[in-house]
Amino acid sequence: MTTPDLEAQLKALETVIERSESFFMAGHLNPDGDTIGSMLALASVLKRLDKKVYLFSQDPVPANLAFLPHIKNVKIARLPKKKFDAAILLECSSPGRGGDIMGVLKRCGTVVNIDHHRTAEFYGDVNIVEPTASATAEIVYRLFYNMGVHITRREAICLYTGIVTDTGRFYFPATSPRTLEAASRLLETGFNFSRINDLLYATRSCISLKILGRALESMEITGAGKLAVMALRNSDFTAFGASPQHAESVINHGMMVPGVKAAVLFREDPDKINATFRSRGHIDVSAVAKAFGGGGHMHAAGCRLQEPFAAVRSKVLRLLLKRLKAENDRG
Ligand SMILES: [Mn+2]
């Protein structure tokens, strides 16, 4: 769903910002560059407006985002006990995507939902949902633009990180003229974007490379060559002392095999199985994720199931293969 009156909702958020003193902000589970970058940029502007901001993430921030300005302000899995005038959730298609925050939300006056996922629910008092935006950071940029906010170099780094990571370095189809315009304005603040790109893309820990190796070894091609399947078991993580963050972006390697239209990575946590999907063309993996209680975009989605590994693998693959076959029959 898309917010029908986006400008009005952006205006409503401006009013919330004007009228509120204290803010609770949360991003989604397994946070990425967009959710964290958007949160830090917005928090920085709110602080410059003399507001109090509590930044929350249920899961740890990936190591490759440690360079982001004020990243240490994000409280990991530490829920506040206070009341807040407003809550701003970034990229949480439902409140549960933000973690165990329901109790806090009940103590927040107004709830604002900012997202660019098609599967976003309209649970907020203000809902800014724009699936044509390449990144939530692009929406936050638009908010700042509307507000006439001068964006600092550090804020630009945060928003640029959100945009560059969510567009796969301006590569995914959601990259639009508006995306490039926002990036261009951000670059004008004069930060060293080449250094940021190095930190994001040319830096990878030995552990995460080893995890990538395990995932690549596990790769199977099925569905008449159209589906790449990878798996990472608990034992793979314990072997290297790795955490789920070390498996980030592993899934993209499945899409590199010629002829592959969709890829899935099954990642075992101690108590859950995570399935991450990528696709291209007409294959909508968000529908598959949604069928198992997850969400995401047409070409990038995910879900978590609390069932044995083999059971999750077989039922998710059954549905994925069905969709790929339906696509085949369509021509
Ligand atoms: Mn995003």
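Here is a walk through parts of this structure, beginning with one helix and moving outward to the spaces and residues around it. Please keep in mind that this is a predicted model.

Let's begin with helix 5, which covers residues 153–166. A simple check on its geometry comes from its length: at 1.5 Å a residue, its 14 residues should span 20 Å, and the C-alpha atoms at its two ends are 20 Å apart, which agrees. Now ask where this helix sits. Eleven of its 14 residues are buried, so helix 5 is largely enclosed by the rest of the structure. If you would like to find these residues on your screen, they are E155, A156, I157, C158, L159, Y160, T161, G162, I163, V164 and D166. What do the buried residues of helix 5 pack against? Their partners are four other helices: helix 2 (33–48), helix 4 (136–147), helix 6 (177–187) and helix 7 (193–201). Follow the chain just past the end of helix 5 and you reach G168, whose phi is positive, at about 55°.

One residue of helix 5 brings us to the cysteines. C158 is buried because its relative accessible area is 2%, and buried here means under 20%. Searching the whole structure turns up zero disulfides. C158 is accordingly in no disulfide, and the nearest cysteine sulfur, belonging to C92, is 18 Å away. C303 can be read in a similar way. Its sulfur has its closest cysteine sulfur in C92 as well, at 17 Å, which is too far for a bond, since a disulfide needs the two sulfur atoms within 2.5 Å. C303 is buried too, with a relative accessible area of 5%.

C158 also leads us to an enclosed space. Rolling a probe the size of a water molecule over the atoms shows where empty space is left. In this model, the count comes to one cavity of 30 Å³ or more. The largest cavity has a volume of about 40 Å³, and the residues lining it are L40, S44, P69, H70, R154, E155 and C158. Helix 2 and helix 5 are the elements that give two or more residues to this lining. Helix 5 provides the largest share, with three residues. Sorted by class, the lining of the largest cavity holds three nonpolar, two polar and two charged residues.

Next, turn to an open space, the second largest pocket. It contains about 260 Å³ of space and is lined by 14 residues. To find its centre, look for Y141, R142, Y145, R178 and E181, the lining residues that lie nearest to it. Which helix gives the most to the lining of this pocket? That is helix 4, with six residues. Helix 1 (6–19), helix 4 and helix 6 each supply at least two residues. As for chemical character, the lining of the second largest pocket divides into seven charged, six nonpolar and one polar residue.

Two residues help to place the helices named for this pocket. The first to visit is E14, in helix 1. Is E14 buried or exposed? E14 is buried, with a relative accessible area of 10%. Leaving aside neighbours within four places in sequence, E14 is in contact with L143, N146 and M147. The other residue is L180, in helix 6. L180 is partly exposed, at a relative accessible area of 45%. Not counting residues up to four places away in sequence, L180 touches F170 and T175. L180 and E138 are 42 residues apart in sequence, while their C-alpha atoms are 9.6 Å apart in space.

We finish in the loops, with two backbone details that are easy to look up. D50 is found in the loop between helix 2 and strand 2 (52–57). Its phi is near 65°, a positive value in a residue other than glycine. D50 counts as exposed because its relative accessibility is 65%, and the cut-off for exposed is over 50%. S249 lies in the loop between helix 9 (234–240) and strand 9 (262–268). S249 is not a glycine either, although its phi is positive, at about 70°. With 31% relative accessibility, S249 counts as partly exposed.

Notes
Residues numbered from 1 in each chain as written. Predicted model: local features only at pLDDT ≥ 70, side-chain atom pairs only at ≥ 80, totals over all residues. Heavy atoms only, no water. Expected span 1.5 Å × (residues − 1). Buried < 20%, exposed > 50% of the residue type's maximum accessible area, 1.4 Å probe, protein only. Contact = heavy atoms within 4.5 Å. 1 Å grid on protein atoms, 1.4 Å probe; cavity = no way out; pocket = protein on both sides within 12 Å on 5 of 7 lines; lining within 4 Å. Points joined across faces, edges and corners; volume = space filled by probe spheres on them. Nonpolar A, V, L, I, M, F, W, Y, C, P; charged D, E, K, R; others polar.
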